[in-house]
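Subject: Structure handover

Dear colleague,

I am passing on the structure below, together with some notes on what turned up when I went through it. Please read them with the model open beside you.

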Amino acid sequence: MSHDVEDPAAGSQAPNLDFKGTTPYEDYVQADVLTHLQHPLSEDPGEMVFLVTTQVMELWFTVIVHEWETAAKALRKDDLPVALAALKRSTYELRSLNASWEPLAHLTPAQFNSYRSALGEGSGFQSAMYRRMEFLLGEKSASMLVPHRGAPRVHDELEKALHEPSLYDEVLHHLARRGEPVPQEVLTRDVSQAYRPHPEVEAVWADAYAREADEAGGEEKETVRLGEALTEVAELVWRWRNDHLVATRRAMGSKVGTGGSAGVAWLEKRAAKNVFPELWTARSHV
Ligand code: HEM
């Protein structure tokens, strides 16, 4: 019995096939560039997904940095709706980023060892886009520029980000302009230094959250909405760090890292950090 199999590229309703140069899809997406950036260093068939997952995460870091920079810029103009929309998008993106741990979350030490030596001294610790994310969160550190001295564009971008106010700095300036008692020393702090939690900032959040249910508390509700959007971001960053930690523990136990750190013991300390610290501690005072 013969079947007439319809050619999807035939007939008057079919998509266009005829382009003079490269397809408009290619011109926009640059899929040909993107899908030829995979150069595994070992013969191991499992290395491809390790490399691509890392590249996918770099792309998510890039989008998330874009959203947080959009939010920071909007807050500078006191445009809360634009800032909240960007933060909201970033939480969807963070969820996708975190979901991309799945292919690496179940590696056995032998599977990881099959290509680990090919990585040499390469480590995610050297990811400049991840540092951009941390800088936007207020986790500034000039020494994180050092690994990038040999790459001028990367170094310049990171140096610029080091000296710009973080997303959290912009949040606090915005709250101050709305009349919240954010202390002067926080508003005039050296933004190239790591943000240190301040009891009066904690009090600003605690107060807004305490008055959340007040009938008249319109401003407080806005502050709480912003606080909750930031809390969601903070929680998802914490989840990324902890998923990374567990994947690492499964893949290599307590061996030292390819980047030269103590490995899991070092990552445990990093994963224990609280993003936007006062948003967490304020909750004890509500
Ligand atoms: C199972 C796979 C992985 C293992 C075993 C692993 C292991 C490690 C270790 C041991 C460190 C500490 C620094 C060092 O000495 O190297 C580290 C840091 C880091 N890794 Fe991974 N990693 C894995 C996958 C990934 C992936 C897919 C990414 C995505 C880009 C990534 C991003 C990072 C980042 C950003 C740091 C620095 C963290 C910080 O500064 O707090 N890692 N990794």
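A residue is called buried when its relative accessible area is under 20%, exposed when that value is over 50%, and partly exposed in between. Please keep in mind throughout that this is a predicted model.

With that cut-off in hand, a good place to begin is the pair Glu134 and Arg131, both of which are buried. Their side chains meet in a salt bridge, with N and O 2.8 Å apart, and because the two residues are 3 places apart in helix α6, which covers residues 128-137, about one helical turn separates them.

The count of salt bridges comes to 19. One of them joins Arg177 to Asp78, where the closest N and O atoms are 2.9 Å apart. Arg177 belongs to helix α8 (residues 167-177) while Asp78 sits in the loop between α3 and α4, so this pair ties together parts that are 99 residues apart in sequence. Arg177 has a relative accessibility of 43% and therefore counts as partly exposed, and Asp78, at 35%, is likewise partly exposed. Another salt bridge links the side chains of Arg211 and Asp207, at 2.7 Å from N to O; Arg211 is partly exposed at 30% relative accessibility, and Asp207 is partly exposed with a relative accessible area of 35%. Salt bridges with shared partners also join Arg131, Glu134, Glu139, Arg241, Arg270 and Lys273 into one network.

Turning to the ligand, there are 26 residues around it, and the closest are Ser123, Arg131, His244, Ser261 and Arg270. Two of these names, Arg131 and Arg270, also appear in the salt-bridge network. As for individual atoms, a polar side-chain atom of His244 lies 2.9 Å from a ligand nitrogen, a polar side-chain atom of Ser261 lies 2.7 Å from a ligand oxygen, and a backbone N or O atom of Gly259 is placed 2.8 Å from an oxygen of the ligand.

What does Glu202 do without a salt bridge? This residue, in helix α10 (residues 199-210), is buried, and the nearest side chain of opposite charge, that of Arg283, is 10 Å away. The side chain of Glu202 does, however, make a polar contact of 3.2 Å with the side chain of His285. If neighbours within four places in sequence are left aside, Glu202 is in contact with Glu278, Thr281, Ala282 and His285.

Two backbone angles also deserve a look. Most residues other than glycine have a negative phi. Asp78, however, has a positive phi of about 55° although it is not a glycine, and its place is the loop between α3 (47-76) and α4 (80-99). Phe276, again not a glycine, has a positive phi of about 50° and lies in the loop between α12 (264-271) and α13 (277-281). The surroundings of these two residues can be set side by side: Asp78 counts as partly exposed at 35% relative accessibility, whereas Phe276 counts as buried at 1%.

Finally, Ala85 is located in helix α4 and is partly exposed, with a relative accessible area of 34%. The C-alpha atoms of Ala85 and Thr70 are separated by 9.5 Å, the two residues being 15 residues apart along the chain.

With best wishes

Definitions and conventions:
Residues numbered from 1 in each chain as written. Predicted model: local features only at pLDDT ≥ 70, side-chain atom pairs only at ≥ 80, totals over all residues. Heavy atoms only, no water. Helix = DSSP H or I, 4+ residues; strand = E, 2+ residues; numbered from the N terminus. Buried < 20%, exposed > 50% of the residue type's maximum accessible area, 1.4 Å probe, protein only. Lys, Arg positive; Asp, Glu negative; His and termini not counted. Salt bridge = Lys/Arg side-chain N within 4 Å of Asp/Glu carboxyl O. Polar contact = N/O pair within 3.5 Å; in protein donor to acceptor, adjacent residues only side chain to side chain. Contact = heavy atoms within 4.5 Å. Near = heavy atom within 4 Å.
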